[in-house]
Amino acid sequence: MLGLLVMLSLLMAAVALGLSVGELNVSPGSVVRMLLFGGHEGSMEYLLISRIRLPRVVLGVAVGGALSLAGVILQGIYRNPLVEPFTLGISGGASLGVAVTIVMGLHLSLGSFMLPLSGFIGAFVIIFLVYTISSRRGAINIQNMLLTGVMISFIASSAMMFLMATTSSDNLHGIVFWIMGSLDEPNTGLIKLTLIVSLAVLVISYLFVQPLNALRLGEEKALHLGFNTNVVIRVLFILASLLAGICVSVSGVIGFVGLIIPHVLRLLFGSDYRFLLAGSFLLGGIFLVLSDVVARTIISPNELPIGVITGIIGGLVFLLLMSQKRKGK
Amino acid sequence: MKKFAIRFLALFFLIVVALPAHAQPQRIISLAPSLTKNLYLLGAGELLVGCTNYCTLQSDTDAQVVASAMQVNYEKAVMLKPDLVITTTLTKPNTIDTFKKLGVEVLVYETPRSFDAICSQFIDLGEQIGKKAEAEAIIADARERLEKIREKIPADAPRQKIFMQIGANPLFGVVPNTFMNDFIRFSETDNIAADLTIGSINRETVLIRNPDIVVVVLMGLIGEEEKKQWESYASLNAVKENQIYIMNADQACSPTPLSFIEALDELIGKIYLH
């Protein structure tokens, strides 16, 4: 509990940093004042903080939290530490959906909302395929599901290469940049939706905290402990996948968050899901907000894709923690 | 040994003189939409036998599609018996090598970094296909039009700061050392991204540098949406001055000398004569 409170305050600190650092540095004090009491409509500081930074930071918390939560849930039901939201082809499906939209120019004729929409449809189709292919007569086979997911993910990425090989270089540029991920989303409605859905899934996931803990012993033992593992796995799979699908469609493929954050928490605090679920959400939010600060300031005024930062920093921090843990033993 | 060398030199000389200095290509494959446009502009459409599926043809029977943006269908290309392939540095080196091994001459043009480069590439292309005079006439005309367009700028007009956007999500702007920067140079405005070398730019930076003019060079609805997005920032100078414009991306981004001039004319009209 104390750990969660510490992380919550760290998240607040990360948000404050994210709001005050940038091309124009604003003191955290005046940031808080502006958020609470508003500012001059015409002033540049207020414009920057309310219209540019706040949406980005909120989206960072939502997407970082959601991806880590999806990661921790999926690792729990698969009992496989290498599973992350994107292992099962969710990002492949979303990328394919977006690539189809860009190649056909649908976002030009119908509006840019087509990009997240088609991304979500792509992710949803993949989730549906993985789910139905691996269910047999009402029972679901976890190992089958994982393999199916990996295979479908390969097919999706090949299909995407097919699209990229046959399209014009302008479209190619658009697809590649979308894949690299960004928190620069002008549509505030989408940001609110992502935040609400991810918080809702966090709350719902706590209904399953006991079966998740029981599943650590294995599917059979959990069944003997009185949990209907079949239902639990299905519901959690669908929840986590849809959550990941929404994240990818709004902000592109931001890798490593869903894989690394749950591992870091397990290394630091153990594997109790009562702590892990909320902990992953908070730490994921902190990590993504800070990564975004780095992405937009490190080569300022140019901007790096956020996936670059999460991959490098996340991987390094993880390796460091692992080597320290080994030394400790 | 000396005798041999003399004979060899003589033979060499004979061959060089006997061969036509530059056999003019009769069958051309273009691997870049902009070069296809240039060929038409030079009146050499009938020489074109192959192109990419992104080239705009004046009629479907002009040429066959032999390539996508990334991949060339060599068999189809060879069956067209080309004697010249024209392309840009965006083409993979492997593709260029393959054509050379097949005995086809390949002309590779760099992405032009200025209007002058567009012009000199155009003249070079004209020279290579035996239309030098036509090319020079077109360029002379274009330069004359350029001067006339620049005269439209009022002498007492204050210098304004400009941001030219060529990509959305992530935001991408025009930076120096590109031919698009010449739109800014010729329109006597100052690029707010003048210190950048890569076009990816923070939205925040653009707002702080507070341009007086924002030009959105994007196609379709995305352009409209970006324009609305900029218009929602009330404290931006460009919003106060009501100077957020959309520019035809198709015309502005693919560099033929003529389309450059037309796009510039439109831009200067919007900035100074609105």
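Student: What is the mean pLDDT of chain B?

Tutor: Keep in mind that we're looking at a predicted model. In chain B, 92% of the residues reach a pLDDT of 70 or more. Averaged over chain B, the pLDDT comes to 87.

Student: Which element of chain B has the lowest mean pLDDT?

Tutor: Let's start from the other end of the scale: strand 8 (residues 190–191) of chain B has the highest mean, 96. Over residues 16–21 of chain B the pLDDT is below 50, and that stretch has 0 contacts beyond near neighbours in sequence. Where pLDDT is low, don't read the predicted coordinates in detail. The element with the lowest mean, at 58, is helix 1 (residues 2–18) of chain B.

Student: And in chain A, which element has the highest mean pLDDT?

Tutor: Chain A has a mean pLDDT of 87, with 99% of its residues at 70 or more. Its lowest element mean, 73, belongs to strand 2 (residues 139–140) of chain A. The highest, 94, goes to helix 14 (residues 273–297) of chain A.

Student: What ipTM does the predictor give the complex?

Tutor: You get two scores for the complex here. The pTM is 0.80. The ipTM is 0.72.

Student: How far apart are the C-alpha centres of the two domains of chain B, domain 1 and domain 2?

Tutor: First, find them along the chain: domain 1 covers 28–144 and domain 2 covers 155–272 of chain B. Next, picture the box that the C-alpha atoms of chain B fill, roughly 80 × 40 × 40 Å along the principal axes. The two domain centres in chain B lie 29 Å apart.

Student: How many residues of domain 1 of chain B are in contact with domain 2 of chain B?

Tutor: Domain 2 of chain B brings 11 residues to this contact. On the domain 1 side, helix 2 (33–41), helix 5 (115–128) and helix 6 (132–151) of chain B each supply at least two residues. That side divides into 11 nonpolar, 3 polar and 2 charged residues. The count for domain 1 of chain B is 16.

Student: How many residues does chain B give to its contact with chain A?

Tutor: Chain A puts in 32 residues. On the chain B side, helix 8 (203–209) and helix 9 (220–231) are the elements that give two or more residues. By class, that side has 16 nonpolar, 9 polar and 3 charged residues. The number from chain B is 28.

Student: Which helix gives the largest share of the largest nonpolar core?

Tutor: That core has 166 residues, and Leu243(A), Met164(B) and Val215(B) have the most contacts inside it. Both domain 1 (28–144) and domain 2 (155–272) of chain B add at least three residues each. The largest share, 19 residues, comes from helix 3 (residues 44–78) of chain A.

Student: Is helix 12 of chain A mostly covered or mostly exposed?

Tutor: Helix 12 (residues 229–251) of chain A reaches 32 Å from its first C-alpha to its last, close to the 33 Å expected. Right after helix 12 of chain A comes Gly252(A), with a positive phi near 80°. Of the 23 residues in helix 12 of chain A, 17 are buried, and that makes this helix mostly covered.

Key: Residues are numbered from 1 along each chain as its sequence is written. Chains are lettered from A and ligands numbered from 1 in the order in which they are written. This is a predicted model: local features need pLDDT of at least 70, side-chain atom pairs count only at pLDDT 80 or more; totals for chains, interfaces and linings use all residues. pLDDT is the predictor's confidence in each residue, from 0 to 100. Helices (H or I, at least four residues) and strands (E, at least two) are DSSP runs, numbered from the N terminus. Two residues are in contact if their C-beta atoms, placed from the backbone, lie within 7 Å. Ala, Val, Leu, Ile, Met, Phe, Trp, Tyr, Cys and Pro count as nonpolar, Asp, Glu, Lys and Arg as charged, and the others, Gly among them, as polar. A nonpolar core is a set of buried Ala, Val, Leu, Ile, Met, Phe, Trp, Tyr and Cys residues joined through C-beta atoms within 7 Å. A residue is buried if 20 or more other C-beta atoms lie within 10 Å of its own, exposed if 12 or fewer, and partly exposed in between; C-beta atoms are placed from the backbone. Domain bounds come from an automatic or database domain assignment. The expected span of a helix is 1.5 Å times one less than its number of residues.
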